[in-house]
Amino acid sequence: GAGQTKFQLAPLDVAGGKWGPTVTIASGDKLLANWADFPSLQVLGDKRLAAHWLQRAGPGTYAYHVKIALSHDGGSTWSDAITPHRDVSNTEHGFVAMWNEGQELHAAWLDGRKYNKEGHDASNEMTVFSTSIDRDGSRGAEVMLDGRACDCCQTAAALTAKGPIVVYRDRSPDEIRDIYMVRRVGGEWTSPAPVHGDGWKINACPVNGPAVDASGSDVAVAWFTAANGEARVKVAFSRNAGESFEAPARVDGGAPAGRVDVAMLADGSALVTWIERVGGDTAAVRARRVERNGDMGAPITIAASSAARASGFPRM
């Protein structure tokens, strides 16, 4: 109907090369369609899936909440919506990263609850929170991972051999907005630490979050920075489940718009994707394979695109 928005999926039969019937996960007039803060689907294994989307919570532009639904039958049917955050103020809650641990779904998100406090100063800090959701939709403890983060850059998460790692763009008191990480080790979350110190000072949000993938103790993080006025896409590896990262390698062609993703490959290398400006309003979706020692193959153009916001964030 009028004003109705739907969040849908269609399963692909890889062997047969055909799409299955479309399933509606959620619909309504309050679903939020945003170029940078978009729904996601997480495959949990054993026909278990999780999906997240955003729903308007009030009249304000940034008043929206996170909703998560679970499926135990490969996406044919979905649970009622679960709100992972305990705070339900009319502030921004979004930019979700999800990962699976056994029978539990875990999620991290940017949370605007500090915006809503009486007498809060003008700095209006976004925070990073996390929680768990079990098979029946019950929520575990809610934990604040960082008390001040960049306002609207995507978060990302991966499960290493030693537990989860969550990466996001931080926001220092001096407006340095570099990529930080937290890890859960022995049941406790570590203090936020930089993946690499770019020193990008920007008094605004670049809307350009990092990406992370892990395989055992190998971790790769890709990100965009424009420190010192030079736009770059970088990737850094860790061999100890994110405890420390090696010096990053630069993968872009000189004029990146960012919007990165990364996938670990079976041989220990990583595939990085990003959007590269190629003149005027045109851009290319690029991919590049990077070895752990920093050696890399030639960039591959996957598709022509646009540098405009409407071209979105390519995902692997």
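**View 1. Salt bridges across the predicted model.** In this predicted model, a search of the whole structure finds 17 salt bridges. One of them links Glu-175 to Arg-148, with 3.6 Å between the closest N and O atoms. Glu-175 belongs to the loop between β13 (163-169) and β14 (179-185), whereas Arg-148 belongs to strand β11 (residues 143-149), so this pair ties together parts that are 27 residues apart in sequence. Glu-175 counts as buried because its relative accessibility is 13%, which is under the limit of 20%. Arg-148 likewise counts as buried, at 13% relative accessibility.

**View 2. A second salt bridge of Glu-175, formed with Arg-171.** Glu-175 also meets Arg-171 in a salt bridge, in which the closest N and O atoms are 2.9 Å apart. Both of these residues, Arg-171 and Glu-175, are buried.

**View 3. The salt bridge between Arg-292 and Asp-218.** The side chains of Arg-292 and Asp-218 form a salt bridge with an N to O distance of 2.9 Å. Arg-292 is placed in the loop between β23 (282-290) and β24 (300-306), and Asp-218 in strand β18 (residues 218-225); the pair therefore ties together parts that are 74 residues apart in sequence. Arg-292 is classed as partly exposed because its relative accessibility is 29%. Asp-218, at 18% relative accessibility, is classed as buried.

**View 4. The salt-bridge network that includes Arg-148, Arg-171 and Glu-175.** Shared partners connect salt bridges into one network, whose members are Lys-114, Glu-125, Arg-148, Asp-151, Arg-171, Glu-175 and Arg-177. Within this network, Glu-175 pairs with Arg-148 at 3.6 Å and with Arg-171 at 2.9 Å.

**View 5. The open sheet β5-β6-β7.** Three strands, in the order β5-β6-β7, make up an open sheet with antiparallel pairing. β5 and β7 occupy the edges and have a single partner strand each, so one side of each is left without a neighbour in the sheet. From one strand to the next, the twist averages 20 degrees. Strands of a sheet pair through backbone hydrogen bonds, in either the parallel or the antiparallel sense. In β6, 7 of the 9 residues are buried, so this strand is largely enclosed by the rest of the structure.

**View 6. The hairpin of β5 and β6.** Strand β5 (residues 40-45) pairs with strand β6 (residues 48-56) in the antiparallel sense, over 5 bridges. The two strands form a hairpin with 2 residues between them. Asp-46, in the turn, has a positive phi of about 55 degrees. Leu-41 has Ala-51 in β6 as its bridge partner, and Gln-42 stands opposite Ala-50 in β6.

**View 7. The pairing of β6 with β7.** An antiparallel pairing over 8 bridges joins β6 to strand β7 (residues 64-71). Leu-49 stands opposite Ser-71 in β7. Ala-51 has Ala-69 as its bridge partner in β7, and Ala-51 is also the partner of Leu-41 in the pairing of β5 with β6.

**View 8. The open sheet β17-β18-β19-β20.** Antiparallel pairing joins 4 strands into an open sheet in the order β17-β18-β19-β20. Its edge strands are β17 (211-215) and β20 (249-250), each of which pairs on one side only. Strand β19 (residues 232-238) pairs with β20 in the antiparallel sense over 2 bridges. In this pairing, Val-235 stands opposite Ala-249 in β20. Strand β18 of the sheet (residues 218-225) contains Asp-218, a salt-bridge partner of Arg-292.

**View 9. A nonpolar patch on the surface.** Leu-12, Val-14 and Trp-19 make up this patch, and their accessible area together is about 380 Å². Leu-12 is located in strand β2 (residues 12-13). With a relative accessible area of 44%, Leu-12 is partly exposed.

Methods:
Residues are numbered from 1 along each chain as its sequence is written. This is a predicted model: local features need pLDDT of at least 70, side-chain atom pairs count only at pLDDT 80 or more; totals for chains, interfaces and linings use all residues. Side-chain values use heavy atoms; hydrogens and water are left out. Two strands pair if DSSP finds at least two bridges between them. Buried means under 20% relative accessible area, exposed over 50%, partly exposed in between (1.4 Å probe, protein chains only). A salt bridge is a side-chain nitrogen of Lys or Arg within 4 Å of a carboxyl oxygen of Asp or Glu. Patches are made of residues with over 30% relative accessible area and no salt bridge: like charges are joined within 9 Å, nonpolar side chains (Val, Leu, Ile, Met, Phe, Trp, Tyr) within 5 Å. Accessible areas come from the Shrake-Rupley method with a 1.4 Å probe; for residues, only the protein chains shown count as cover. Axes are lines fitted to C-alpha atoms, for helices over the stretch in contact, and angles run from 0 to 180 degrees between N-to-C directions.
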